[in-house]
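Welcome! Take a moment to look over the sequence and turn the model around before reading on.

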Amino acid sequence: MPADRSTKIVSRNFGVEGANTIDGALSCGAYGVVPKALGMERAAIIEEVKKSNLRGRGGAGFPTGLKWTFVPKGEDAYLVVNADESEPATCKDREIIYWDPHLLIEGVIIGSYALGSPHSYIYIRGEMIREARVLQRAVDEAYARGFLGKPLACKGGTFTTELTVHRGAGAYICGEETSLLNSLEGKRGWPRVKPPFPAVKGLFGKPTIVNNVETIANLPSIIDKGGQWFAELGMGRSGGTRLICVSGHVNRPGVYELPMQTTMREIIEDVCGGMLDGRKLKGVIPGGSSVPVVTPDEIDVPIEADALANSELIKPVEVRPGVNFDMGGGKILRSQAGSGGMVVMDETTDMVAVCARLMRFYAHESCGQCTPCREGTGWLARVATRMAQGHGRPGDTELCASIANGIAGNTICPLGDAAAWPMLGFLTKFRADFEARENRKVVAMPEPRV
Amino acid sequence: MALSFSDEAMQKIAAARSRYPNAQAACLPVLHIAQAEFGYLPDEVIELVSNTLELPVAHVHGVVTFYTMFRRRRQPVGENLLMVCTNISCMLRGGYRVLDRISQKLGIQVDETTPDKKFTLIEEECLAACADAPAVICGPRYFLRLDTDEKVDRMLQELATHPEPEY
Ligand SMILES: Cc1cc2nc3c(=O)[nH]c(=O)nc-3n(C[C@H](O)[C@H](O)[C@H](O)COP(=O)(O)O)c2cc1C
Ligand code: SF4
Ligand code: FES
């Protein structure tokens with residue numbers, strides 16, 4: 001049965017005071033699925049996850065079960081949970097950690113058992129001091145109650161989960177999984193060249209699976225109610241529900257767990273109570289700052305990954321008018337479900353300023369290993385900012401497009417694409433706004449400042 | 001006299017070290033402990049960390065300079081490190097206005113500390129509180145939906161008078 005708006009899997013304890021302490025959590029049923037999971041064969045859990053159509057919630061939407069099968073046969077893999085949440089406009093993992101850390105830990109126990117993880121790690125963003133404390137307390141409690149650190153009976157013997165919370169120290173790039181692994185190993189967070197993929201050679205040189213917080217928090221329900229059930233909640237190749245973080249110019253911004261079938265229009269008009277002060281919509285960023293923006297006539301598309309990527313209602317991103325951007329192998333780019341961070345912008349929004357602010361972010365966060373990313377993001381930030389500040393020069397629109405096109409596909413990690421794609425998206429959908437800024441007479445908002 | 005860690009810090013370091021298969025992996029946790037102990041990470045502290053974990057000084061130095069939360073500056077920051085988000089979700093709901101208001105009330109610019117060492121102001125990237133924009137965090141405390149000057153003023157007042165709550 002497809003999910004409806006009352007279906008709550010990962011957000012069921014949001015707003016429930018006390019659910020983040022062990023006694024509160026236990027009274028909400030936490031750890032109830034552990035005996036069932038540990039009574040299953042490891043391979044049967046992986047099979048159930050495959051059947052569930054669970055796809056990664058960290059941004060790329062990769063099928064989780066399939067990823068797990070990339071671990072070489074017969075080898076154990078470290079499980080690492082990505083709690084670095086720093087993609088602009090994304091604020092869901094922090095909610096899970098704050099309200100329901102024991103759900104996450106329960107997911108970690110199930111995942112660790114399925115993968116045979118000798119020691120699992122949750123890599124939490126350094127700035128999240130409150131959440132790190134809540135999570136550490138929850139982990140300590142789970143140790144004290146014997147869910148962690150003690151052998152638990154499992155199919156054919158016992159299994160012990162070791163879990164460590166590892167705090168980052170301020171670097172967006174550490175959300176990228178190979179950078180995260182370097183950071184976890186005590187190094188600078190430089191992304192690694194792939195292959196080898198982490199599933200083959202990851203943490204401490206061993207097979208490793210990196211999954212997002214929301215991804216892992218879905219595991220208890222999948223094992224409890226079955227992969228089939230989870231798949232049927234969803235839509236197409238995407239099982240389950242999805243946390244959508246709505247920010248910007250709506251009446252009720254918030255983090256909502258929604259059916260995959262929900263369209264962007266429904267989210268704005270129903271879920272979030274319409275546009276702030278009754279103003280008109282100008283654009284929506286559907287899935288975090290790294291995905292292309294869409295226009296008001298493109299919002300009748302569900303937030304599901306394949307719909308946002310393929311729906312013909314969304315015009316393809318172009319490198320220049322009439323010429324589609326090629327993601328590689330002729331694949332066109334429309335938009336993406338990304339990390340679920342949806343930004344709603346009304347008619348008063350200065351799209352050039354928003355774009356410039358984002359480009360400044362990427363320039364700041366580039367680790368500098370690859371020339372196209374290091375130089376390109378810096379240029380994009382400078383050119384977009386001068387346009388935003390009313391100092392645009394003739395040809396700047398074209399210049400931004402060609403720099404972005406030069407970054408895309410030419411870098412070690414996807415941060416380069418994450419900067420290039422939204423840039424091209426803004427230029428495709430709001431080209432006139434940019435071209436108007438080539439004329440220095442346009443007086444712009446004083447923001448952003450660089 | 002050479003710098004050394006307190007006994008309490010040494011215990012925390014030993015506990016952190018035991019969570020990883022090698023000493024290098026304990027580098028970030030130990031640097032966090034060191035920063036909590038000394039307030040910032042000048043050369044002497046980097047040396048101390050490198051001796052404690054038996055890692056090359058150059059490695060520890062490279063790590064410290066990579067991450068923005070590790071502070072090399074000699075001047076320790078104010079009691080309250082105000083991180084103001086100006087990324088897009090906050091910008092759309094007035095993040096820059098929050099920054100300006102704080103700056104005006106405290107009489108300091110971004111990256112400066114008040115003379116009484118109570119506040120340091122920094123501009124931050126997304127703090128994962130976008131749905132409650134505009135957002136400021138200060139240690140473990142969140143100040144959300146700061147959409148009026150009064151709310152900003154109240155936040156400063158609260159921080160100046162109330163010590164950090166326990167979590
Ligand atoms: C620049 C960059 C930043 C990323 N930041 C995050 C993040 O903060 N959290 C996250 O879960 N994934 C992030 N990812 C995606 C991870 O690399 C990885 O795909 C993900 O953690 C895998 O988990 P999943 O399959 O469960 O989504 C980021 C990727 C890139 C390229
Ligand atoms: S694409 Fe950018 S962030 Fe990624 S490795 Fe290259 S320089 Fe670093
Ligand atoms: S954009 Fe400000 S908290 Fe996310």
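The report below starts with chain B and then moves to ligand 1.

Please keep in mind that this is a predicted model.

**Chain B**

Chain B holds seven helices and four strands. If you walk along its sequence, they come in the order α-α-α-α-β-α-α-β-β-β-α. Along the principal axes, the C-alpha atoms of chain B fill a box of roughly 50 × 30 × 30 Å.

Of the 167 residues in chain B, 54% are buried. Looking at contacts in chain B between residues at least 6 apart in sequence, we find that 59% join residues at least 24 apart. On the outside, chain B exposes about 7700 Å², and 49% of that area is supplied by carbon and sulfur atoms. Chain B also carries 17 positive and 23 negative charges, and the mean positions of these two groups are 4 Å apart.

**Ligand 1**

Now for the surroundings of ligand 1: 18 residues surround it, and the closest are A:Gly58, A:Asn82, A:Asn211, A:Asn212 and A:Thr215. Which strand of chain A gives the most to the shell around ligand 1? Strand 6, spanning residues 208-212, does so with three residues.

Some polar atoms of chain A lie at these distances from an oxygen atom of ligand 1:

| Residue | Polar atom | Distance to an oxygen atom of ligand 1 |
|---|---|---|
| A:Asn212 | side-chain | 2.7 Å |
| A:Lys67 | side-chain | 3.0 Å |
| A:Glu85 | backbone | 3.3 Å |

Taken alone, ligand 1 exposes 610 Å², and the protein buries 90% of that.

Definitions and conventions
Residues numbered from 1 in each chain as written. Chains lettered and ligands numbered in written order. Predicted model: local features only at pLDDT ≥ 70, side-chain atom pairs only at ≥ 80, totals over all residues. Heavy atoms only, no water. Helix = DSSP H or I, 4+ residues; strand = E, 2+ residues; numbered from the N terminus. Buried < 20%, exposed > 50% of the residue type's maximum accessible area, 1.4 Å probe, protein only. Contact = heavy atoms within 4.5 Å. Areas by Shrake-Rupley, 256 points an atom, 1.4 Å probe, with all protein chains shown as cover. Lys, Arg positive; Asp, Glu negative; His and termini not counted. Charge placed at Lys NZ, Arg CZ, Asp CG, Glu CD. Near = heavy atom within 4 Å. Polar contact = N/O pair within 3.5 Å; in protein donor to acceptor, adjacent residues only side chain to side chain.
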